[in-house]
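Let's take a walk through this structure together, looking at how charged side chains pair up and what the cysteines are doing.

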Amino acid sequence: MSQHYQVLARKYRPHTFSEMVGQTHTVKTLINALDANNLHHGFLFTGTRGVGKTTIARIFAKSINCEVGVSSTPCGKCATCVEIDKGQSVDIIEIDAASNRGIDDIRGIIENAQYVPTKDRYKVFIIDEVHQLTKDSFNALLKTLEEPPEHVKFLLATTDPQKLPITVLSRCLQFTLNQLTHEEILGQLKFIMKAEGLEFEELALSQIADFGNGSMRDALSLLDQSIAYGNGSVMVKDIKAMLGLVHHDDIISLATHLFNQDAEAVINFVKELSHKGENLAHALKDLTSLFHQISIAQIIDNTQISDEIKALSAQISNQDLQLFYHMGINGSKELPLAPSEQIGFEMTLLRMLAFHSNIETVTEKKTLKIAPKAKPKPEAKKKQKSESVPKPKKKTNKVKIAFNINSQQDWEDLSKSLKFTGAVEMLIKNTVFDSVFNEVLTLTLDEQFKSLMTDQMQLNIQNTLQDHFSKISLNIIFGKPKVQTLAQKEIQTKDEKIAKNQKDFLSNKGVQELQKIFNAEVDLKSIHEITTN
């Protein structure tokens, strides 16, 4: 690269409102005001980094000072426009409030504002990151900001408007600049690559647009880096290597293993990714993004959706997909807290497997895969089958029980007899009986488990009930249980048993003698009951 190389973010910075990407509402308002020459003295531009706050301020300054006249389309050729574009205009004063935040700096602005412009129509003060000013500086600026001389315009920019005093906000027209969309950033990246005459793959630019996260400047900085890494080209394989991304096909394979509830394949796949040195945090983010695409495919019939996404959308219910997405988002937050990135990723995926709506049959299938492969004898199979045959008898008995339920104890006895398993059993143990009316059983579920109770999960519980009791329906409400749930009782019983075992152990004369001889203390957590088969 030559010594005069300009980074892309500066080289392709917009010089007119028509070149601006996004921010339609802000640009439209400013264009109308400029064309009508109906200008306020103070403007505040807010928004995240790299969305065009300072760029819009410079274009505005050029529009009101262009030698042709005030308009939304400055000529860009006159001496004033050229000076402003090069940052050499003496009447356009740009101040970084992060490093010029003291009251003495503001006094300099106030004093300078009193003098007429050297050669331009207006003297413009562009104060970037204005929220960094001190309290005294804001107070000193208020009067000038409210009633500046006619030849002065204030253009303020900040990423954190909440730190500005309300007195400043009330003196300015405020414009909130939105984050740029993926399509807006991608379109600009393609335009720049074509203008530069460089080779690229659209998928690679799409990945850069994703990493820009709504900021054009971030995306262009990453594009600069990618061009240097690819020696003048931007390709998917280079982006993958540079950013540590996992290949799209690998994410598809991982999702397929998840949807097939193949726990062993999931764990082995994660180990392979880890051994290859892949960034597992990015892999989890990409997997969560894939869940979003699959969810869209389930709702909208779009021809642009790939066949592999459509195939995956047919393998999982929308309820399970929402649960997986929720777990993926939480897993990303918990990843830095995990003992290692691999463990955190694996536990997130295992959580998805554990709370699948079809977990009862899946658990049984996976246990057979992972456990030693000992096949049951035909006689044992027949015995199991014969034990599960007499359903009609049970149905008749349970109908009588169902309509006689009038307490939490009745519900606990009934739920135990139905033998729920897996995630369903855990949720059932945290419910309490509310009422039975018109053949509708109403239960209250502890609200801390609300996110786990999907529509599919509730349907599974209701189907189990209806297998034993005809016409019974289920209604689950969320709240704080008024009585102890079965889960709480089990925990209490377990704690009481542990306390009793500890007390019995400590009261043993042999133990007391050992404590006395060795001046030792017993580690209570190490006391466990030994059960023999």
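## Charged pairs and cysteines

In this predicted model, a good place to start is Arg49 and Asp218, whose side chains meet in a salt bridge with an N to O distance of 2.8 Å. Arg49 sits in the loop between strand 1 (42-46) and helix 3 (53-65), while Asp218 belongs to helix 10 (residues 216-229), so the pair ties together parts that are 169 residues apart in sequence. How accessible are the two partners? Arg49 is partly exposed, at 30% relative accessibility, and Asp218 is also partly exposed, at 27%.

If you would like the general idea behind such contacts, side chains of opposite charge can pair when their charged atoms come close.

Now move to helix 3 and find Arg58. The side chain of Arg58 forms a salt bridge with that of Glu94, at 2.7 Å from N to O. This pair, too, links distant parts of the chain, since Arg58 is in helix 3 and Glu94 is in strand 2 (residues 92-96), 36 residues apart. Arg58 has a relative accessibility of 25% and counts as partly exposed; Glu94, at 40%, is likewise partly exposed.

Further along the chain, Arg351 and Glu334 bring their side chains together in a salt bridge of 3.3 Å, N to O. Here two helices are linked: Arg351 lies in helix 17 (residues 341-354) and Glu334 in helix 16 (residues 318-334), with their positions 17 residues apart in the sequence. Arg351 is partly exposed, with a relative accessible area of 27%, and Glu334 is partly exposed at 37%. Some salt bridges also share partners, and in this way Glu425, Lys429 and Glu490 are joined into one network. How many salt bridges does the structure hold? The count is 16.

The cysteines tell another story. How many disulfides does a search of the whole structure find? The answer is 0. Take Cys66, which is in no disulfide: the nearest cysteine sulfur belongs to Cys75 and is 3.6 Å away. Cys66 is buried, with a relative accessibility of 1%. For Cys75, the closest cysteine sulfur is that of Cys78, at 3.5 Å. Why is there no bond between Cys75 and Cys78? Their sulfurs are too far apart for one, because a disulfide calls for sulfur atoms within 2.5 Å. As for its surroundings, Cys75 is partly exposed, with a relative accessible area of 32%.

Note on methods
Residues are numbered from 1 along each chain as its sequence is written. This is a predicted model: local features need pLDDT of at least 70, side-chain atom pairs count only at pLDDT 80 or more; totals for chains, interfaces and linings use all residues. Side-chain values use heavy atoms; hydrogens and water are left out. A salt bridge is a side-chain nitrogen of Lys or Arg within 4 Å of a carboxyl oxygen of Asp or Glu. Helices (H or I, at least four residues) and strands (E, at least two) are DSSP runs, numbered from the N terminus. Buried means under 20% relative accessible area, exposed over 50%, partly exposed in between (1.4 Å probe, protein chains only).
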